[in-house]
Number of protein chains: 2
Amino acid sequence: MSPPMTPGRARNAAATRTAILEAARKRFAHEGYDQTGVREIASDAGVDAALISRYFGGKEELFSEVLSCAPNIAEFLDGDRDSFGERVAQMLAVEPMREEKFELFLIMLRSASSPKAAEAIRRHSHDAFYQPLETWLGGDDAAVRARLLSCVMMGATMNRVIYEDYLLDGQQRQELCEALARTLDNYVSGPV
Amino acid sequence: MSPPMTPGRARNAAATRTAILEAARKRFAHEGYDQTGVREIASDAGVDAALISRYFGGKEELFSEVLSCAPNIAEFLDGDRDSFGERVAQMLAVEPMREEKFELFLIMLRSASSPKAAEAIRRHSHDAFYQPLETWLGGDDAAVRARLLSCVMMGATMNRVIYEDYLLDGQQRQELCEALARTLDNYVSGPV
DNA sequence: GGGCCATGTCATCAGTTGGTGACTTCTAGG
DNA sequence: CCTAGAAGTCACCAACTGATGACATGGCCC
């Protein structure tokens with residue numbers, strides 16, 4: 001006990017805020033908005049639940065804040081254009097779902113059914129997903145192609161959410177991945 | 001007051017059961033498992049909430065029962081094989097979402113995030129969706145192609161759930177529909 | 001008609017949720 | 001050292017949820 005341990009939590013507002021945000025992001029991604037209680041978030045963050053209301057105003061505002069801070073689509077748009085389908089399909093069908101890249105998708109899919117969260121999701125996914133994607137795609141039908149890409153990506157994520165990794169073995173997942181990659185690249189490259 | 005109105009509800013167990021089931025199906029499809037309360041279902045059905053527990057055992061069992069009774073994929077597998085993509089894409093992108101055909105999808109998507117409902121969904125969607133679809137597709141990679149079809153169908157539904165019909169106008173939805181049809185038919189017809 | 005069971009109604013419970021305000025404790029600045 | 005305010009703790013509330021058991025009532029069979 002070399003450093004004189006303070007009994008309560010260290011008094012550091014910024015760190016506390018961040019801890020809450022981190023814990024909330026994981027909870028919302030793994031359980032969804034409704035299934036996550038402020039007490040659970042607080043417990044994960046090692047914080048009293050009352051601080052959530054104090055710092056963010058309430059659960060709903062915390063959720064919006066989490067969406068704003070979550071990593072967005074940009075990561076995939078940065079890379080090589082020709083390998084977009086391959087990279088995304090790998091994430092969707094092969095890589096373990098615990099990856100952080102998944103988190104924004106998971107938050108959206110698992111929380112979209114909650115009216116309290118829905119509006120925030122609509123707004124944020126437009127700004128952080130469709131808008132950049134459309135710009136990146138370019139062309140007259142960018143909006144439609146963006147929607148098509150979104151359909152495949154969301155659907156694939158949804159399937160894994162529902163079935164985890166049951167039903168398909170490694171070989172089949174590889175085939176799935178390749179087919180997804182082809183479909184995605186088809187939407188990326190050409191006019192539909 | 002020609003017929004001597006009974007003050008309470010008509011005493012007809014079968015009709016009451018059906019009324020509850022109907023009301024529950026609509027509520028679960030529109031609001032999801034978590035957002036739907038037994039009191040709301042009962043109110044819609046013109047029934048006392050206690051009867052839900054009496055007739056079905058509880059909300060969870062009622063949900064399973066609703067899934068069992070909901071219309072499944074069979075409708076689309078009956079029709080002409082060549083027009084499968086066209087028919088499904090029409091439903092996914094063009095037809096109004098209030099259609100009953102959508103209900104099973106909506107129930108699944110809106111309730112999948114609830115642990116209580118998830119297991120029932122997994123079981124039922126396998127029996128009423130994947131299994132028939134795989135059989136209908138045939139071939140060695142039927143499982144993978146079924147999954148691909150599912151991804152597109154679920155993703156398209158999810159997009160409409162989140163965005164309703166915003167963002168895309170009629171013309172764009174038509175383009176979306178055609179592209180979806182091509183993709184679906186591609187998965188139906190060929191080895192991936 | 002009388003008994004009896006199925007059906008429906010009601011009051012209420014126990015658990016959980018998000019949120020609030022009063023309180024304590026620590027730390028910075030004078 | 002002492003005060004003021006920020007940071008954290010605690011007890012508690014009001015609302016809601018699913019569920020249950022006691023009770024009322026209708027209709028059928030003997």
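Which side-chain N or O atom lies 2.7 Å from a base nitrogen of DNA strand C? That atom belongs to the side chain of Arg54(B), a residue that is also listed among the closest of the 22 residues surrounding DNA strand C. The model is predicted, and the values below are computed from its atoms. The points that follow take up DNA strand C, DNA strand D, the aromatic rings, the charges placed over rings, and two buried residues of chain B.

**Surroundings of DNA strand C**

- DNA strand C is surrounded by 22 residues, and the closest of them are Arg11(A), Lys59(A), Arg11(B), Arg54(B) and Tyr55(B); of the strand atoms that come within 4 Å of the protein, 52% are accounted for by sugar and phosphate.
- Phosphate oxygens of this strand are approached by chain B in two ways: a backbone N or O atom of Asn12(B) lies 3.2 Å from one phosphate oxygen, while an N or O atom in the side chain of Thr16(B) is 2.8 Å from a phosphate oxygen.
- Two or more residues of the surface near DNA strand C come from each of α2 (38-45) and α3 of chain A and from α1 (13-31) and α3 of chain B, and α3(B) gives the most, with 4 residues.
- Sorted by class, the surface near DNA strand C consists of 8 nonpolar, 7 polar and 7 charged residues.

**Surroundings of DNA strand D**

- Around DNA strand D there are 21 residues, of which Arg11(A), Tyr55(A), Arg11(B), Arg39(B) and Lys59(B) come nearest; 45% of the strand atoms within 4 Å of the protein belong to sugar or phosphate, and the rest belong to bases.
- On the phosphate side, a backbone N or O atom of Thr36(B) lies 3.3 Å from a phosphate oxygen of DNA strand D, and a polar backbone atom of Val38(B) is 2.9 Å from a phosphate oxygen of the strand.
- On the base side, a polar side-chain atom of Arg39(B), one of the nearest residues, lies 2.7 Å from a base nitrogen of DNA strand D.
- At least two residues of the surface near DNA strand D are supplied by each of α1 (13-31) and α3 (50-56) of chain A and α2 (38-45) and α3 (50-56) of chain B, and the largest share, 4 residues, comes from α3(A).
- The classes in the surface near DNA strand D are 7 nonpolar, 7 polar and 7 charged residues.

**Aromatic rings**

- Over all chains the structure holds 14 aromatic pairs, and one of them is the tilted pair of Phe84(A) and Trp136(A), with 4.9 Å centre to centre and 35 degrees between the planes.
- Because Phe84(A) lies in helix α6 (residues 84-94) of chain A and Trp136(A) lies in helix α8 (residues 115-137) of chain A, this pair ties together parts that are 52 residues apart in sequence; both Phe84(A) and Trp136(A) are buried.
- The rings of Phe129(A) and Tyr130(A) have centres 5.3 Å apart and planes at 80 degrees, so this pair counts as edge-to-face, given that angles over 60 degrees fall in that class.
- Phe129(A) and Tyr130(A) are both buried, and together with Phe105(A) and Tyr163(B) they form one aromatic cluster.

**Charges over rings**

- Lys59(B), which is among the residues that come nearest to DNA strand D, lies over the face of Tyr33(B), at 4.3 Å from the ring centre.
- In chain B, the charged end of Arg81(B) sits over the ring of Trp136(B), at 4.4 Å from the centre of that ring.

**Two buried residues of chain B**

- Phe56(B) is found in helix α3 of chain B, and with a relative accessible area of 9% Phe56(B) is buried, because buried means under 20%.
- Leaving aside neighbours within four places in sequence, Phe56(B) is in contact with Arg17(B), Ile20(B), Leu21(B), Leu51(B), Glu61(B), Leu62(B) and Glu65(B), whereas the C-alpha atoms of Phe56(B) and Ser83(B), 27 residues apart along the chain, are separated by 40 Å.
- Thr183(B) has its place in helix α10 (residues 170-189) of chain B and counts as buried at 7% relative accessibility.
- Not counting residues up to four places away in sequence, Thr183(B) touches Thr183(A), Tyr187(A) and Val152(B).

Key:
Residues numbered from 1 in each chain as written. Chains lettered and ligands numbered in written order. Predicted model: local features only at pLDDT ≥ 70, side-chain atom pairs only at ≥ 80, totals over all residues. Heavy atoms only, no water. Phe/Tyr/Trp six-rings, centres within 6.5 Å; stacked < 30°, edge-to-face > 60°. Buried < 20%, exposed > 50% of the residue type's maximum accessible area, 1.4 Å probe, protein only. Lys NZ or Arg CZ within 6 Å of the ring centre and 35° of its normal. Near = heavy atom within 4 Å. Polar contact = N/O pair within 3.5 Å; in protein donor to acceptor, adjacent residues only side chain to side chain. Nonpolar A, V, L, I, M, F, W, Y, C, P; charged D, E, K, R; others polar. Contact = heavy atoms within 4.5 Å.
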